[in-house]
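Trainee: I would like to learn how to read a model like this one, feature by feature. Could you take me from the general idea to the particular case each time?

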Amino acid sequence: LQKLIQECLKQLATKKQQQVGNITQIEDAAEKLKAHAESSKTWLVGKFTELRLLLDEEEVLAKKFIDKNTQLTLQVFREQAESCEKQIDVLNDLSNRVWSISQEPNPVQLLQAYTATEQEVQRQMHLGELCHPVPLSFEPVKSFFKGLVEAMQSTLQTPLDARLKENMDCQLSGSSSAKPGTLLKTNSSPERSLFLKYGQRSRLRPHDDPDRLGVFLDYEAGVLAFYDVTGGMSHLHTFRAAFQEPLYPALRLWEGAISIPHLP
């Protein structure tokens, strides 16, 4: 009976030690998560600052675009106005000449002088085309940025978690397929559990404890095989599946030491 009691106390102590180790791992994960969250927020500050700078630069470029095209159009307007002023000067000169001719007392000379200027008078008497400058419209510019703002508003009105779910590359993920905030649990058992997938274990019962364990993965073919390579290559188990995401090794050693060489 004493032996059974001692064994029970030993198992309880082992279990207690496991729970202490669990607390340590959880606390360590919590600290790492806090540091990761702060670094992620710092990264976001930089990206949003970069975005604001890009928007500020875009605003400056849009305003410069409007100013440039405004100045070019105003220059055309000025040139047209100057052309009209030159025409006024020509008409004023011609009016003065005709008035001077009208003061000639000799009818013969009056007729000769008027005949000499008649062709130019007739040419200037034709009504010129009235100028109707078309105002330059910046509606296309305004429409472009209005559409950009509406597109951003439409996107940002959707809750962030919904947007992340729609984008497969933007989902929160851990080092396994488990949801964030869950714990990947294993329990101590005398039976060997050589691999863990989605929280389900495949139990193997080899005749002898292998000193060297070989793991073979053919990701494209969907093959994950385990071998006892202590002396030769004794097949232990093969798992087959259509892998849809990266595989991560999870190893647990209750006693002793372990080394992991990578074979070419």
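Mentor: Let us begin with secondary structure, where helices (H or I, at least four residues) and strands (E, at least two) are taken as DSSP runs and numbered from the N terminus. This is a predicted model, and its chain holds 4 helices and 5 strands.

Trainee: In what pattern do the helices and strands follow one another along the sequence?

Mentor: Read along the sequence, the pattern is α-α-α-α-β-β-β-β-β. Helix 1 covers residues 2-102, while helix 3 covers residues 139-156, and both will come back below.

Trainee: What share of the residues in the chain is buried?

Mentor: A residue is called buried when its relative accessible area is under 20%, and exposed when that area is over 50%. Of the 264 residues in the chain, buried residues make up 8%.

Trainee: Is alanine 62 buried or exposed?

Mentor: Alanine 62, a residue of helix 1, counts as buried because its relative accessibility is 16%, which falls under the 20% cut-off. Its C-alpha atom is separated by 9.5 Å from that of lysine 142, although the two residues stand 80 residues apart along the chain.

Trainee: How many salt bridges does the model contain?

Mentor: The criterion is a side-chain nitrogen of Lys or Arg within 4 Å of a carboxyl oxygen of Asp or Glu, and by this rule the count comes to 6 salt bridges. One of them joins the side chains of glutamate 38 and lysine 41, with 3.1 Å from N to O. These two residues both belong to helix 1 and are 3 residues apart, about one turn of the helix. Glutamate 38 is partly exposed at 45% relative accessibility, and lysine 41 is partly exposed at 46%.

Trainee: Which residue meets glutamate 59 in a salt bridge?

Mentor: The partner is lysine 63, and the N to O distance is 2.9 Å. Here the spacing is 4 residues, again described as about one turn of the helix, and both residues lie in helix 1. Glutamate 59 counts as partly exposed at 39% relative accessibility, and lysine 63 is also partly exposed, with a relative accessible area of 49%.

Trainee: Why are glutamate 139 and lysine 142 separated by about one helical turn?

Mentor: They are separated by about one helical turn because they are 3 residues apart in helix 3. Their side chains meet in a salt bridge of 3.0 Å, N to O, and glutamate 139 is partly exposed at 45% relative accessibility. Lysine 142 is thus the residue whose C-alpha atom we compared with that of alanine 62.

Trainee: Let us turn to surface patches. Which residues form the negative one?

Mentor: A patch gathers residues that have over 30% relative accessible area and no salt bridge. The negative surface patch is formed by Glu79, Glu82, Glu85, Asp89 and Asp93. Glutamate 79, which lies in helix 1, is partly exposed with a relative accessible area of 45%, so this residue passes the 30% requirement.

Trainee: Which residues make the nonpolar surface patch?

Mentor: Trp43, Leu44, Phe48, Leu51, Leu54 and Leu55 make a nonpolar surface patch of about 580 Å². Among them, leucine 51 is found in helix 1 and is partly exposed, with a relative accessible area of 37%.

Trainee: Finally, how many aromatic pairs does a search of the whole structure find?

Mentor: The search finds 2 aromatic pairs. One of them is formed by phenylalanine 144 and phenylalanine 145, with 5.0 Å centre to centre and 85 degrees between the planes. This pair is termed edge-to-face, because that term applies to planes over 60 degrees apart. Phenylalanine 144 is exposed, with a relative accessible area of 52%, whereas phenylalanine 145 is partly exposed, with 25%.

Conventions:
Residues numbered from 1 in each chain as written. Predicted model: local features only at pLDDT ≥ 70, side-chain atom pairs only at ≥ 80, totals over all residues. Heavy atoms only, no water. Patch = residues over 30% accessible without salt bridge, like charges linked within 9 Å, V, L, I, M, F, W, Y side chains within 5 Å. Areas by Shrake-Rupley, 256 points an atom, 1.4 Å probe, with all protein chains shown as cover. Lys, Arg positive; Asp, Glu negative; His and termini not counted. Charge placed at Lys NZ, Arg CZ, Asp CG, Glu CD. Buried < 20%, exposed > 50% of the residue type's maximum accessible area, 1.4 Å probe, protein only. Phe/Tyr/Trp six-rings, centres within 6.5 Å; stacked < 30°, edge-to-face > 60°.
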